[in-house]
Amino acid sequence: RKLTLTNPDLPRSGKRAVFILSRQHAAETAGSHQLKGLVDFLVSGEADAQPLLDALVWHIVPMVNPDGVYLGHSRSTSEQRDPNRDWANDETVEVAAVRGALEEVAANGGVDMVLDWHNQMNDVYWYDFAYSPSGNDFFPVLSRWTSFDSEQASGTPTCTADSCSSRGWSMINVLYDPVFVLEPCPHDHRWTVQGLREQGQLTGLAVGEWFEGR
């Protein structure tokens, strides 16, 4: 299910659209906690949240892979497919549904930013990073607000008939910049559930600052 959050008392014309998806990989809970922090902040009624609803429309799919989560899988769906590698075809029902929602938003005013929330599962990486388009100017804003401290810039994405990530598909088919994959590190000893949710709120404020004046 997709959430749509904005100020309904202001017309949508002229507002920028942010599309967020999370939990493509079932076990990546840190990303869910960060996204919950953002959603809770947006609906909190706090003064700092109101400009984010006045200027932006937030389209949010909080759990792309609910069956995989329920079954306790690591990455796959109930049909043993990796949703983040199946955006090039129609065989994964979860991907088809989310892709359709993204295409609908893109066709009705456009998409101005895509955030794909994951979290790092490799013990080698003990830092918080974001896959970012080359030459973007959002990551410096994000890193100033949050603990995302490393950027792995991507060049032109490639998609084949057999494999395509959500990032690659979005950059080719919806917009070229910016599409980000957020990878907080769940191993960091500083993280608590509350800490993760605070980082989600700060990510929202970073998005708001980036859109100001654009």
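**Figure 1. Contacts of Val179 in strand S7.** Leaving out residues up to four places away in sequence, Val179 touches Val114, Tyr131, Ser132, Pro133, Arg167, Ser170 and Met171, where contact means heavy atoms within 4.5 Å. The model is predicted, so that local features need pLDDT of at least 70 and side-chain atom pairs count only at pLDDT 80 or more, whereas totals for chains, interfaces and linings use all residues. Residues are numbered from 1 along each chain as its sequence is written, and side-chain values use heavy atoms, with hydrogens and water left out. Val179 lies in strand S7; strands (E, at least two residues) and helices (H or I, at least four residues) are DSSP runs numbered from the N terminus. Val179 has a relative accessible area of 1% and is therefore buried (buried means under 20% relative accessible area, exposed over 50% and partly exposed in between, with a 1.4 Å probe and protein chains only). Between the C-alpha atoms of Val179 and Gly195, which are 16 residues apart along the chain, the separation is 24 Å.

**Figure 2. The open sheet of seven strands.** The strand order is S1-S3-S2-S4-S7-S5-S6, and the pairing is mixed; two strands pair if DSSP finds at least two bridges between them. Strand S1 (3–5) and strand S6 (150–154) are the edge strands, each pairing on one side only. From one strand to the next, the twist averages 20°. Angles here run from 0 to 180 degrees between N-to-C directions, and axes are lines fitted to C-alpha atoms, for helices over the stretch in contact. Helix H7 (residues 193–211) packs on the sheet and touches strand S2 (16–22), strand S3 (56–61), strand S4 (113–117) and S7. The direction of H7 makes about 165° with that of S4.

**Figure 3. The pairing of strands S5 and S7.** Strand S5 (residues 129–133) is joined to strand S7 (residues 179–183) by three bridges in the antiparallel sense. Within this pair, Tyr131 stands opposite Val181 of S7. Tyr131 is also among the residues that Val179 touches.

**Figure 4. Strand S2 and its partners S3 and S4.** S2 pairs with S3 in the parallel sense over six bridges, and the bridge partner of Ala17 in S3 is Val57. S2 and S4 also run parallel, joined by five bridges; here Phe19 has Val114 of S4 as its bridge partner. Six of the seven residues of S2 are buried, leaving the strand mostly covered. In a regular strand, side chains alternate between the two faces of the sheet.

**Figure 5. The surroundings of Val18 in strand S2.** Val18 has 0% relative accessibility and therefore counts as buried. Not counting residues up to four places away in sequence, Val18 touches Leu56, Val57, Trp58, His59, Met113, Val207 and Phe211. Val18 and Asp112, separated by 94 residues in sequence, lie 5.9 Å apart in space, C-alpha to C-alpha.

**Figure 6. The loop between S2 and helix H1.** Arg23 and Gln24 both belong to the loop that lies between S2 and helix H1 (29–42). Arg23, a residue other than glycine, has a positive phi near 60°. With 10% relative accessibility, Arg23 counts as buried. Gln24 has 0% relative accessibility and therefore also counts as buried. Apart from neighbours within four places in sequence, Gln24 is in contact with Val64, Asn65, Arg75, Pro83, Asn84, Trp87, Asp116, His118 and Ser166.

**Figure 7. Gln80 in the loop between helices H3 and H4.** This loop runs between helix H3 (66–71) and helix H4 (93–107). For Gln80, phi is near 60°, a positive value in a residue other than glycine. Gln80 has a relative accessible area of 58% and is therefore exposed.

**Figure 8. The packing of helices H1 and H7.** The axes of H1 and H7 are 7 Å apart and make an angle of about 55°. H1 is therefore oblique to H7, given that angles under 35 degrees count as roughly parallel, over 145 as roughly antiparallel, 65 to 115 as roughly perpendicular and the rest as oblique. The crossing of the two helices is right-handed: a crossing is right-handed if the near helix is turned clockwise from the far one by less than a right angle, and left-handed if anticlockwise. H1 contributes Ala30, His33, Gln34, Lys36, Gly37, Leu38 and Phe41 to the contact, and H7 contributes Val193, Leu196, Arg197, Gln199, Gly200, Gln201, Gly204 and Leu205. These residues divide into six nonpolar, seven polar and two charged, where Ala, Val, Leu, Ile, Met, Phe, Trp, Tyr, Cys and Pro count as nonpolar, Asp, Glu, Lys and Arg as charged, and the others, Gly among them, as polar.
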